[in-house]
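The following exercises concern backbone geometry and nonpolar packing. Please examine the sequence and the coordinates before reading each solution.

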Amino acid sequence: MADFDLVVIGSGPAGEWGAVQASLSGKRVAVVEREPVLGGTAANTGTLPSKTLRETALHLSGFKARGLYSVDATLRHEATVSDFLFRERRVKQMERERIHKNLQRHGVTLFQGAGSFVDAHTVAVKRDGAEVARLSAGTALIATGSTPYRPPLYPFGDPRVHDSDEILDITTLPRTLVVVGGGVIGCEYACMFAALGIPVTLVEVKNDLLNFLDAEVGQLLRDCMETLGVRLRLGQTVESAHVPESHSEPIRLKLSTGEVLEADQVLVASGRTANTAGLGIEALGVKQGKRGQIEVGLAYQTAVPHIYAVGDVVGFPALASTSMEQARIAVEHAFGPGKRTLTPILPYGIYTIPEVSMAGDTEESLRARGIPYVVGRATFDTNPRGQIIGEKQGLLKLLFHRDDMKLLGVHVLGEQASELVHVGLTALLTGSTAQLFVETCFNYPTLSEAYKAATYDALDQVRVSSA
């Protein structure tokens, strides 16, 4: 029996930074990881691999330079799977090594194997069915993440039918692809494969893509995806899936409208399920939702006070960035005053082509609450840096309170959207008004200068309406 102040189950972003936070407070910390590699979904099958593939698709296809320099910068040879996955594999390996060094540097003890609760203060670690360690835990942090939900309609044993984890193990690039599910993951992968010139059809049960986005930005993204070559089938479901044994025959998906889609490969992106099976938490009284998500309070405490849960395993927002902060907050609560809570204003980054990112209110949320607002817009095709890099689709949209011009929301579509949003995010968190962007001197030429242009656009509208 090894004795620890904190035992963390899972080594993804939440597990890693929860462990480090506790170590910095002088606590004895252990991390239990069931996989042979560290990093969880973020490092191995989700966040970093998918974003790396996006950059690879843009590079191999010459997408960013098409027609920009009066030359054809598209692929001069057919991309292979090795081409497509080369950089992704390098990035994964470097991230795994970084995590291992980070835990080692902070004196965190690592146990390789599946962790489960023997009782409320004891975690057993098993490898290949045999118990290899038993850990005494004053406090426990569950950070086991999630896995793709697999609807029973699809035969996932077939090498042409993928979930969002398996898509990284493809042996041949699809000739045609159907993506089932128009959430963030589905939209991102649809764009990646379409950028490579592969015909892609995306099927989504809702009538809109990513309806948490500001409606104007969501519609612009939809237009951009269709221009990229993604065929959209919105408001439709897959009623049946025929996957013939012969790989020379196409997969046939029958939609609720009666349309039959034929494809070489299928990617099913239908949400995720929390990795709670086998943890033994039910017997302890830890409460769970319908897909295994653990129910927690503001400080990420479960119904058992000394057991915390963070990251994907607790559900929304299920982002790597928020998971890290949740873990820090949980550890601070467990070993200190613990008064901090997760900021209510979070950035969302969607790595479609083009990127989309947002923070704060949308027009729809402001109208629903009856808040008077004014919109300022700046397009990247009129921005000098945007002209230099050939960014024709980009948009920065700022929402200000009409009465005092306090910034309420920021929405970006286009090159570097997930970076640019942080300027607006900082302004939101500090309660800044339009005056901040008026007085700020931005480097020239930069895309960031769009903040000044969008602010002046909003101020012009206020002056015209007040005249």
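## Exercises with solutions

Gln416 is found in the loop between β22 and α10 (417-429), where helices (H or I, at least four residues) and strands (E, at least two) are DSSP runs numbered from the N terminus. This is a predicted model, in which local features need pLDDT of at least 70, side-chain atom pairs count only at pLDDT 80 or more, and totals for chains, interfaces and linings use all residues. Residues are numbered from 1 along each chain as its sequence is written, and side-chain values use heavy atoms, with hydrogens and water left out.

**Exercise 1.** Determine the sign of phi at Gln416 and at Met405, and state whether each residue is buried, partly exposed or exposed.

*Solution.* Step 1: Gln416 is not a glycine, yet its phi is positive, about 60 degrees. Step 2: Met405, in the loop between β21 (395-401) and β22 (407-413), also is a non-glycine residue with a positive phi of about 60 degrees. Step 3: buried means under 20% relative accessible area, exposed over 50%, and partly exposed in between (1.4 Å probe, protein chains only). Step 4: Gln416 has 36% relative accessibility and therefore counts as partly exposed; Met405 has 10% and so counts as buried.

**Exercise 2.** Locate the cis peptide bonds that precede Pro317 and Pro445.

*Solution.* Step 1: the bond from Phe316 to Pro317 is cis, with omega near 5 degrees. Pro317 belongs to the loop between β17 (307-309) and α7 (320-335). Step 2: the bond from Tyr444 to Pro445 is cis, with omega near 0 degrees. Pro445 sits in the loop between α11 (434-439) and α12 (450-466).

**Exercise 3.** Which residues of the largest nonpolar core touch the most other members?

*Solution.* Step 1: a nonpolar core is a set of buried Ala, Val, Leu, Ile, Met, Phe, Trp, Tyr and Cys residues joined through side-chain atoms within 4.5 Å. Step 2: the largest such core has 42 residues, and Phe193, Val200 and Leu202 touch the most other members. Step 3: elements giving two or more residues to this core include α3 (47-61), α4 (81-105), α5 (184-195) and β10 (200-204). The largest share, eight residues, comes from α5. Step 4: not counting residues up to four places away in sequence, Phe193 is in contact (heavy atoms within 4.5 Å) with residues including Phe84, Ile167, Leu177 and Val200. Step 5: apart from this core lies another, of 27 residues, among them Ala378, Met405, Val412 and Val462.
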